[in-house]
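Reader: I would like to learn how to read a structure like this one. Could we start with the cysteines?

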Amino acid sequence: MRASPSPSHVPFFPSVAAYLTVSIEPLPPVVVGDAVTLKCNFKTDGKMREIVWYRVTDGGTIKQKIFTFDAMFSTNFSHMENYRKREDLVYQSTVRLPEVRISDNGPYECHVGIYDRATWEKVVLASGNIFLNVMAPPTSISVIAADTPAPFSRYQAQNFTLVCVVSGGKPAPLVYFKRDGEPIEATPLPEPPAATGNWAPRNLLHRDLDDTKVPQSVAEGEMGGGPPNTAEPPRGLVAERDPTTEAIPETVVSREFPRWVHVAEPIYYFRHTHVPISDGTVEARATLTWTLNPQIDNEALFSCEVKHPALSMPMQSEVTLVAPKGPKIIMTPVRARVGDTVRILVQGFQNEVFPEPLFTWTRVGSRLLDGSAEHAGKELVLERVPAELNGSMYRCTAQNPLGSTDTHTRLIVFENPNIPRGTEDSNGSVTSHRSFRLVLALTLTVILELT
């Protein structure tokens, strides 16, 4: 144990206040995974008492102690300074974070205490602070089509929206679109969309219709009667119409594209939103909206690119707008028999299709087995097929906003040796000969009793 100094060896403290200044060296923004060293510099002419580092959270209400140096318990002793001489000493305390995370983002404080020159019982305190800005590069990027799957319209213009979703970044990234490798000059779309009246991204405006494909009654109904709609959509986009006027008889459908009225270059509209995530990152969503023209937009390459200070080069995701072509259909079982459950499935296409198509199944010349006129989905299921379906033909229509295509398949139903001929009803259910004999016997018994 160190002996206490005798009164004759107690140092003399002049009545001069101790001097102490504290500062933390500034740091540029750092990237997740980097090693970071926080440096606290302080200058004093007094004897050091303690150094404490804090991590500040919850807006400054909570301080978490991450490092402490207490001179009273330090085994590194030095000789007693001569307090009769006023001498400034410079110190530095460092805290190293070997691999920073998003959760390390925030303010830090360095608190230093020294003994006052006048008395050992008084401690002079000072502190410095710094905000550690931790950046994170985006982890994923994808481009999707809004409001899909959606049908193809041969006689109405429709707006189309691409959505670029960028996740995992901090701060929010800069997102922009390109078409065929060239940057798109887009007009910022006002927020919210309701500010533009009744405009909605997927609705239609009569001026973009091809009147050669519209029934006379529909064209006349739009030209006269009723108050005009004064709410205008953004220039180059199409606006809302009454859905009851969109019913077009099958007889006016044409395989040719309509003569839509388009400007030389489409007018693009851009919207950018940020959604904070609980882990401290931001999900960015950018939308690009324009009036689709399948004649020029089919097979156009669109890319979403992202710039971020934590990235050395831009991230990107690409999609090519392509109409469906040549659906590949498989049928199971390959050799269907009476009473089997038959599944007809669209397995793919001859090309890469974007956006996802809408599938509709119909039976040529009749209704489907369950009595419905059509079935939506990639797969058509026919349960317990009867012999009457032999030779029936089924049409699959695959369509997206870029185009539509039909493909047909014929169902061949073979006899089932386990089911005698003529014992299945129209629903495909089977009745045995024994059941027929039992019904006949019961009928004869009733007749004999009545006579």
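Author: The link of C164 and C304 is left-handed, with -80 degrees about the S-S bond. C164 lies in strand β11 and C304 in strand β17, so the pair ties together parts that are 140 residues apart in sequence. Keep in mind that this is a predicted model.

Reader: How far apart are the sulfur atoms of C164 and C304?

Author: The sulfur atoms are 1.9 Å apart, and the two residues form a disulfide. A pair of cysteine sulfur atoms counts as a disulfide when they are within 2.5 Å.

Reader: Is C164 buried or exposed?

Author: Buried means under 20% relative accessible area. C164 is at 0%, so C164 counts as buried. C304 is buried as well, with a relative accessible area of 0%. A further cysteine, C396, is also buried, at 0% relative accessible area.

Reader: How many disulfides does the structure hold?

Author: Two. In the other link, C40 and C110 form a disulfide with their sulfur atoms 2.1 Å apart. This pair links distant parts of the chain, with C40 in strand β3 (residues 36-44) and C110 in strand β7 (residues 106-115), 70 residues apart. The link of C40 and C110 is left-handed, with -85 degrees about the S-S bond. Both of these cysteines, C40 and C110, are buried.

Reader: What is the pairing when the bonded cysteines are numbered in sequence order?

Author: The pairing is 1-2, 3-4.

Reader: Next, the nonpolar core. Which residues have the most contacts inside the largest one?

Author: A nonpolar core is a set of buried residues of certain kinds, joined through side-chain atoms within 4.5 Å. Here the largest has 27 residues, and those with the most contacts inside it are L162, C164, V175, F177, W290, F302 and L321. Seven strands, β10 (140-145), β11 (158-169), β12 (174-179), β15 (268-276), β16 (282-292), β17 (301-307) and β18 (315-320), each supply at least two residues of this core. The largest share, five residues, comes from β16.

Reader: Take F177 as an example. Which residues is F177 in contact with, leaving aside its neighbours within four places in sequence?

Author: The partners of F177 are L162, C164, P183, I184, F270, A286, T287, L288, S303 and C304. Both cysteines of the C164 and C304 disulfide are therefore on the list of contacts of F177. Apart from the largest core lies another, of 23 residues, among them V36, Y108, A126 and I130.

Reader: And the sheets? What should I look for?

Author: Strands of a sheet pair through backbone hydrogen bonds, either parallel or antiparallel. In this structure, one open sheet of four strands has the order β23-β22-β25-β26, with antiparallel pairing. β23 (375-376) and β26 (403-410) stand at the edges, each with a single partner strand, so one side of each has no neighbour in the sheet.

Reader: How many bridges join strand β22 to β23?

Author: Two bridges join β22 (residues 358-363) to β23, and the strands run antiparallel. T360 stands opposite A376 in β23.

Reader: Last, the chain as a whole. How many helices and strands are there?

Author: The protein chain has three helices and 27 strands. Of its 451 residues, 40% count as buried. Among contacts with a separation of 6 or more, 70% come from residues 24 or more positions apart. The chain exposes about 26200 Å², and carbon and sulfur atoms supply 53% of that area.

Technical notes
Residues are numbered from 1 along each chain as its sequence is written. This is a predicted model: local features need pLDDT of at least 70, side-chain atom pairs count only at pLDDT 80 or more; totals for chains, interfaces and linings use all residues. Side-chain values use heavy atoms; hydrogens and water are left out. Buried means under 20% relative accessible area, exposed over 50%, partly exposed in between (1.4 Å probe, protein chains only). Contact means heavy atoms within 4.5 Å. Accessible areas come from the Shrake-Rupley method with a 1.4 Å probe; for residues, only the protein chains shown count as cover. Two strands pair if DSSP finds at least two bridges between them.
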